[in-house]
Amino acid sequence: MHLKKVIIGLLILSFSFCSKKEINYEVPQWAKTVVWYQIFPERFRNGDPSNDPSTADIQGAWPFGDDREIRIVPWTSDWYKLQPWEQDGKGFYYHAQRRRYGGDLQGVLNKLDYLQNLGINAIYFNPLFEAPSLHKYDAVCYHHIDDNFGPEPDGDKKIMRREIPDDPSTWEWTAADKLFLKLIDECHKRGIKVIIDGVFNHVGVKFFAFEDLKKNQQKSKYKNWFTVKSWDDPNTPEDEFDYECWANVRSLPEIREGKSGFDRGAWRYMRAAIHRWMDPNNDGDPSDGIDGWRLDVAEKVTRPSWVKFRKFVRSVNPQAYLSGEVWWEKFPVKMFNAAGWLQGDMFDAVMNYRFANAVTKFFINKNKKITASAFDQELEQIRKDYPAEVNFVLQNLMDSHDTDRLGSMIVNPDRIYGHNNTLQSNKNYNVRKPHADEIKIQKLIVLFQMTYIGAPMIFYGDEAGMWGASDPDERKPMLWQDMTYEDEVSHPFGLERPRDKNVFNEDLFRWYQGLIKIRRQHSALMLGNYRTILADGDRDIFVFERATETEKIVVAVNNAERIQHVRLNLPGKYWMDLISGDQFIGVDDQLEISLDSKSGVILIPGMETRLAQENH
């Protein structure tokens, strides 16, 4: 017990050291000015039904051994309703993993106008590489886009079969690869940055090197790419072949790492694939490639691997952005932060789950709600833990493909933020659509998200009013204005639920659109320093300032369920709310405003005040 305490104490000291020592390094400056939009490709838009997956395409993904014919599920169908071919007694959550809706890259291309109209200027794609699952975290290779995301799946398969996968000199560009390059180009023309999911901790069982390893065992030239715990004995009927895999999931074998990081052979292949997507023309100009990487299960990969990864990526594109998936709850909350990954030698940012957790506890929770002052303290701790530059580029998300959706979080308060808010783990999780008062909370959260320090990130469809529990229910097909959807009336366990109209929420879309526009039009909200002005725990009022040398903005939030008057000590006579356009007049540097319940304002000095500031 004494030794355990000593170890914990040393860990606390090490993390404290990481968080307190001054670390100065430059992050990509463009990453301070973006609003991220996360796209789960299979569920965003089916732009080309001719490439829809077949039964053969999904072999090698869970559930294994089911070779029955699959059919593309109608995009607009009731999510929990079992289709005629799914009514075999296995239940919704079995078939949810076999379902395919046909989302593809052409669908994204077709909806770039929508994304530009929303106002986002950076996209994070969930995995795009060839893989049998719907989520693509079980790669078959790293150097090809999944053929079902492109226009010619059969032709792409022929190209891949004639290559030597670990020999880049044999690689060709498939139709899916070329379409992705076209998508990058179209995004860049619109001022939209693109990063993709890099899943370098593990691969799928259909990964070319692992298939060879399983077949040839000790004779495989890839035997050092993986950590084999036992080989198969050909003299026995049993299969003794065993290997290290992610989270003990047998379908996701881990790539082996040594003291210097990734296995040399595996890293040689990975380097070539990484370079392929960052500089497709191989001409030293990365402008035609992706703008960075989101790195999956980052804490499962060792520091030496990420250090060499960063060095190589930055050698290809010095302005490439690297964000790691680091879940705060992996360690005791008071002890853990992601500072160890943010010292200038690995990542520029992380997906800011700590931000989402704090926001959830202040804005969403009821019985487990924290006060405004506690909220302020949590946010301050995050800012202190990370280098100053990093705070501007953290991906400030509320939900993702790994959590329940923001709307459903509000319907189901007082839960621990994270992966586990699924119906499988809690059949009483409320599947209904958010009511108007709950949408009001979502709007308030978005207001805060778009004005706080860091880069806001939207999970596809939140702006349209989508809702759902954690995996797989947050991965419904995107809700579009030009489609008519069935009402949601089904429940996966046959429980009663209300009939919910599944329609695009135009009002919510305009709210997101307006706040994104405000953020991108004002340098203070992207580049300004942060200062808390008021954290009133008794009245649930939170007020803060974002300021540059030339612009100051004050954000006031009323998180209470009643109208409240707030008096602020603000120099200057005239102020205007950027949301409503309402004007406010201060007296003797005192500004009094009235805030509706669950609402906020974004205040900027009025013309007279701004002229005075400029003259000063």
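Here is a short walk through this predicted model, stop by stop.

Before you click, note that residues are numbered from 1 along each chain as its sequence is written, and that side-chain values use heavy atoms, with hydrogens and water left out. Local features need pLDDT of at least 70 and side-chain atom pairs count only at pLDDT 80 or more, while totals for chains, interfaces and linings use all residues.

**Stop 1: strand β1**

Select residues 36-39, which make up strand β1. Strands (E, at least two residues) and helices (H or I, at least four) are DSSP runs, numbered from the N terminus. W36 and Q38 on one side of β1 are buried, and so are Y37 and I39 on the other; buried means under 20% relative accessible area, exposed over 50%, and partly exposed in between (1.4 Å probe, protein chains only).

Now add β2 (residues 122-125), which runs parallel to β1 and is joined to it by 4 bridges. Then add β12 (residues 455-459), also parallel to β1, with 3 bridges. Two strands pair if DSSP finds at least two bridges between them. Center on Q38: its bridge partner in β2 is Y124, and in β12 it stands opposite F459.

**Stop 2: R310**

Jump to helix α9 (residues 303-316), where R310 sits. R310 counts as buried because its relative accessibility is 6%. A polar atom of the R310 side chain lies 2.9 Å from the backbone oxygen of M346. Leaving aside neighbours within four places in sequence, the contacts of R310 (heavy atoms within 4.5 Å) include Y25, E26, L322 and D348.

**Stop 3: I164**

Next, pick I164 in the loop between α5 (153-161) and α6 (175-189). I164 counts as partly exposed because its relative accessibility is 42%. Beyond neighbours within four places in sequence, I164 is in contact with T170 and W171.

**Stop 4: the cavities**

Searching the whole structure turns up 7 cavities of 30 Å³ or more. A cavity here is a set of points on a 1 Å grid over the protein atoms alone where a 1.4 Å probe fits but cannot get out, and lining residues have an atom within 4 Å of a point. Grid points are joined across faces, edges and corners, and a volume is the space filled by probe spheres set on the points.

The largest cavity holds about 110 Å³; to find it, select lining residues including W75, W79, W467 and Y485. For the second largest, about 80 Å³, show P53, R100, K136, D146 and N148, which lie nearest its centre among 13 lining residues.

Definitions and conventions:
A polar contact is a pair of N or O atoms within 3.5 Å; within protein, one must be able to donate a hydrogen and the other to accept it, and residues adjacent in sequence count only if both atoms are side-chain atoms. On a 1 Å grid over the protein atoms alone, a cavity is a set of points where a 1.4 Å probe fits but cannot get out, and a pocket is an open set with protein on both sides within 12 Å along at least five of seven lines; lining residues have an atom within 4 Å of a point.
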